[in-house]
Amino acid sequence: MADTGAGAPAPGAASDGQAAVGVRNDISGTVYGSAVQAQTIGTLTIQEAVPAIVPGAPVPRTLPPGTRHFVDRDAVLAEVAGLLDEALPDGGAEGTGGGGAPLVVVLCGPGGVGKTATALRLAAALESRFEEGQLYAHLRGASAATATGPSEVLLRFLRDLGVHRDFVPAEPDAQESAFRSVTAGRRILTVLDDAHSAAQVRPLLAASPASLTIVTSRADLRRLVIEYGAHVIRLGPLPTRDAVGLLARLGGAGPGAEAVARRCGGMPLALCAIGARAAGAEQPDWELLEREMAVSDASRGNGPGDDEVSAGSGRPMQGAMDTAYGNLPEAAARLFRLVSLRPWTHVIPGAAAAAAGVTEDEARSLLAELAEAHLLERVAEPEAEPEPEAGTGAGAHAADQERYRFHDLWRQYAERRAAAQDGIAGAAAAVRRTLLWYVRAAVAADVCVLPGRWHLGPAYTKQAGRPAAYENGRTALTWLRAERENLAEAVRAAVDHGHDDLAWQLCEAMWGLHLRLGFHEQWVRTHLLGVEAAVRCAEECPEAEGRMRAQLGFAYLGLAEYAQAQTQFEGAAAADRRAGHIRGEATAVESLGLLHLKQERWADAAERFRSARTLARQVGDPRALALLEHHLGRSLQGMGRHEEAVEQLRHALESVRALPDPYNEGRVLMSLGRTLIDAGRVREADEPLGRAEALMAAESSVVQQADLAELRADQARQAGDLAGEIRCLRVALDFHERTGAPRTGAVRARLDRLRAAQAEAGPDGGVTGEEGPGGLTEEA
């Protein structure tokens with residue numbers, strides 16, 4: 001009922017079956033200070049649960065390509081190279097230079113001055129010195145409202161660095177710690193583009209003293225200078241000679257080019273737009289362009305000497321922007337205006353077509369035309385597939401379609417043009433069309449990600465019976481992941497424009513995305529808005545509030561904010577009870593039970609699951625009932641009521657098989673095997689664990705296979721089979737190392753202790769004469 005899909009833990013959460021059988025370590029009470037004195041401690045091993053990099057993961061090289069049209073800034077390149085030589089005189093060996101501190105360079109200057117192009121040129125020139133990784137993030141720092149949160153970037157960086165997605169922490173502090181751990185001692189080059197503040201940058205600094213971080217910002221970020229000794233380089237407009245050189249590269253030389261360069265104020269953003277305009281002619285008429293710009297400047301009250309105005313005011317670029325925009329065909333100009341009305345992270349053809357009311361093919365052609373005119377920028381492909389074996393499907397909304405991005409100055413310009421030319425009503429209509437498109441697209445993807453779950457909202461009713469938009473759930477999840485920030489912006493836009501029905505339906509459509517991939521901070525932000533929108537829609541859809549609160553509760557659960565999760569789950573149950581929505585109430589009560597399982601409040605969890613089961617029987621949802629039977633068995637297992645738990649889990653097994661649901665069948669079999677081992681019925685655990693191994697192998701679930709191998713090791717220990725325990729732990733370690741699981745260190749330490757004990761016992765030590773549990777081999 002809680003729609004937890006495969007029943008897997010939330011990203012960053014530990015999976016079942018990892019505690020050692022017969023051993024329980026509890027610390028209760030209040031601890032003050034950094035040391036605790038204990039009366040007696042037998043054997044204590046503390047392993048830091050830090051995710052490791054998956055063996056064979058490619059070295060991240062995520063820097064976008066730089067522009068071919070680049071002039072000047074040679075002095076900046078030389079300055080940074082000199083700083084790097086001084087900080088890392090031996091080429092980057094760990095612990096050299098700078099007192100062991102990483103090198104941070106801040107390129108600051110006004111918008112449009114070419115900070116990004118300079119940073120990427122720097123990175124390209126220096127990348128051979130950072131063979132262990134190059135990372136890039138666009139921080140969208142034009143304003144606090146659009147700035148990307150550090151957690152969002154850390155999630156991507158950790159995956160880029162090779163941390164398996166199942167072991168990327170959900171909590172921001174843990175993400176920062178993990179990032180510092182996996183970058184320690186590595187020569188990493190990071191470009192943090194368009195930063196808003198030092199607080200945004202601070203968690204994203206690699207730990208290694210052999211690393212270099214290049215930050216671009218409109219502010220000088222003095223806190224980074226104070227705290228990290230950052231070196232600030234201020235970029236100004238290009239000198240006239242270099243500005244003319246850039247125009248010549250773009251559109252060819254000619255009389256009047258110098259006057260055009262002056263009109264552009266030496267700002268590369270304006271120069272590129274004007275250069276692209278000139279490049280479209282057989283022979284550029286720079287004098288004509290300069291006259292057009294002069295007319296524009298005059299209409300704004302700028303005199304001929306205003307090319308000397310500080311570039312920070314943006315005034316020298318206005319004539320260039322007017323001239324570049326004025327050359328657009330009406331269809332391109334209209335699309336340019338209508339896709340600018342929200343700060344989307346990028347623009348894709350489908351959404352652009354909806355905004356402008358044209359076909360997707362027309363939108364694709366117009367976007368390419370705007371990029372050719374340097375009014376939009378083509379951006380790199382979206383993040384990698386969330387699953388290693390993904391990428392075979394295409395689908396109606398394939399994740400590899402072209403994506404474009406505004407420079408924020410161009411977006412602001414286009415937005416002003418929309419207000420003037422399309423009016424409030426025209427702009428609002430374009431936003432609504434875009435939101436409706438995103439609702440439909442997200443729903444089409446979500447039904448493929450979790451096809452067995454129940455849905456709420458008219459968008460899902462309309463989707464019912466339509467052909468699947470994707471070949472499989474993985475390709476659908478890829479699209480949702482690539483568009484997740486735009487979907488979050490769509491929620492905000494829906495609330496801002498009073499479309500509350502669309503706001504909560506967008507949240508509903510992101511359930512599969514968040515459940516499978518996390519992004520908990522974004523999840524909380526969108527669903528707080530979703531709850532408010534649902535409350536305002538109570539008359540039209542009274543069930544929506546409970547749905548939103550239940551999903552928000554899961555976001556807090558993933559962040560281990562248990563009090564907040566409980567508040568939302570209880571609020572969801574109450575809202576659904578008022579609405580007479582039995583299915584929703586059952587989901588909320590079940591969710592409270594899952595929370596209590598996390599808290600090891602076994603009896604409370606069992607009570608909640610029984611209550612949810614009573615409600616679910618009224619609905620008659622076989623899948624929900626099957627999952628509840630499993631949850632109840634886990635509760636009984638936690639209470640130590642092993643015989644009852646075994647009976648309950650066998651009943652759950654029958655229910656899951658009837659669905660069918662191979663993955664959840666394997667999960668139930670694992671719980672059953674664990675319970676039998678805990679009950680001392682070691683040999684009886686062979687049959688369910690063996691079937692679970694076959695199912696999880698067929699599902700390619702390496703994480704669950706690792707847990708199974710540890711269960712087998714516990715089984716061998718209970719049987720007194722030291723050799724079998726070692727053999728199974730070696731299998732578990734192999735699986736853990738494949739994914740870089742945080743438990744890798746603990747399993748390795750346990751294995752080392754057992755090998756030492758076996759060596760002390762002699763050549764035949766620990767051998768029982770039996771094959772060992774399940775016949776596991778190291779090749780399993």
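Helices α20 and α23 are oblique to each other. In this predicted model, α20 covers residues 500–509 and α23 covers residues 544–558, and the two pack at an angle of about 45° with their axes 10 Å apart. An angle of about 45° is neither under 35 degrees nor in the range of 65 to 115, so the term oblique applies. The crossing of this pair is left-handed. If you would like to find the contact on screen, look for Trp504, Cys507 and Glu508 on the α20 side, which meet Ala544, Arg547, Met548 and Gln551 of α23.

Another helix pair can be read in a similar way. Helix α3 (residues 150–160) packs with helix α4 (residues 172–183) at an angle of about 40°, and their axes are 10 Å apart. These helices, too, are therefore oblique to each other. α3 passes α4 in a left-handed crossing. On the α3 side the contact is made by Ser151, Leu154, Leu155, Phe157 and Leu158, while α4 brings Pro172, Gln175, Glu176, Ala178, Phe179 and Val182.

Here are the two pairs side by side:

| Helix pair | Angle | Axis distance |
|---|---|---|
| α20 and α23 | about 45° | 10 Å |
| α3 and α4 | about 40° | 10 Å |

Now for some individual residues, beginning with the cysteines. How many disulfides does a search of the whole structure find? The search finds 0 disulfides. Cys264 is in no disulfide, and the nearest cysteine sulfur belongs to Cys272, 9.5 Å away. A disulfide would need the two sulfur atoms within 2.5 Å, so a separation of 9.5 Å does not qualify. Cys264 has a relative accessible area of 0% and is therefore buried. Cys108 also counts as buried, because its relative accessibility is 5%.

Glu489 sits in helix α19, which spans residues 484–496. Is Glu489 buried or exposed? With a relative accessible area of 5%, Glu489 is buried. The side chain of Glu489 has a partner in Arg492, joined to it by a polar contact of 2.8 Å. Leaving aside residues up to four places away in sequence, Glu489 touches Arg342, Pro343 and Trp344.

Pro622 gives a contrasting case: its relative accessible area is 53%, so this residue is exposed. Pro622 is found in helix α27, made up of residues 622–638. Where Pro622 and Val656 are concerned, 34 residues separate them in sequence, and their C-alpha atoms are 8.5 Å apart in space.

Methods. Residues numbered from 1 in each chain as written. Predicted model: local features only at pLDDT ≥ 70, side-chain atom pairs only at ≥ 80, totals over all residues. Heavy atoms only, no water. Buried < 20%, exposed > 50% of the residue type's maximum accessible area, 1.4 Å probe, protein only. Helix = DSSP H or I, 4+ residues; strand = E, 2+ residues; numbered from the N terminus. Polar contact = N/O pair within 3.5 Å; in protein donor to acceptor, adjacent residues only side chain to side chain. Contact = heavy atoms within 4.5 Å. Axes fitted to C-alpha atoms, helices over the stretch in contact; angles between N-to-C directions. Parallel < 35°, antiparallel > 145°, perpendicular 65-115°, else oblique. Left-handed = near helix turned anticlockwise from the far one by under 90°.
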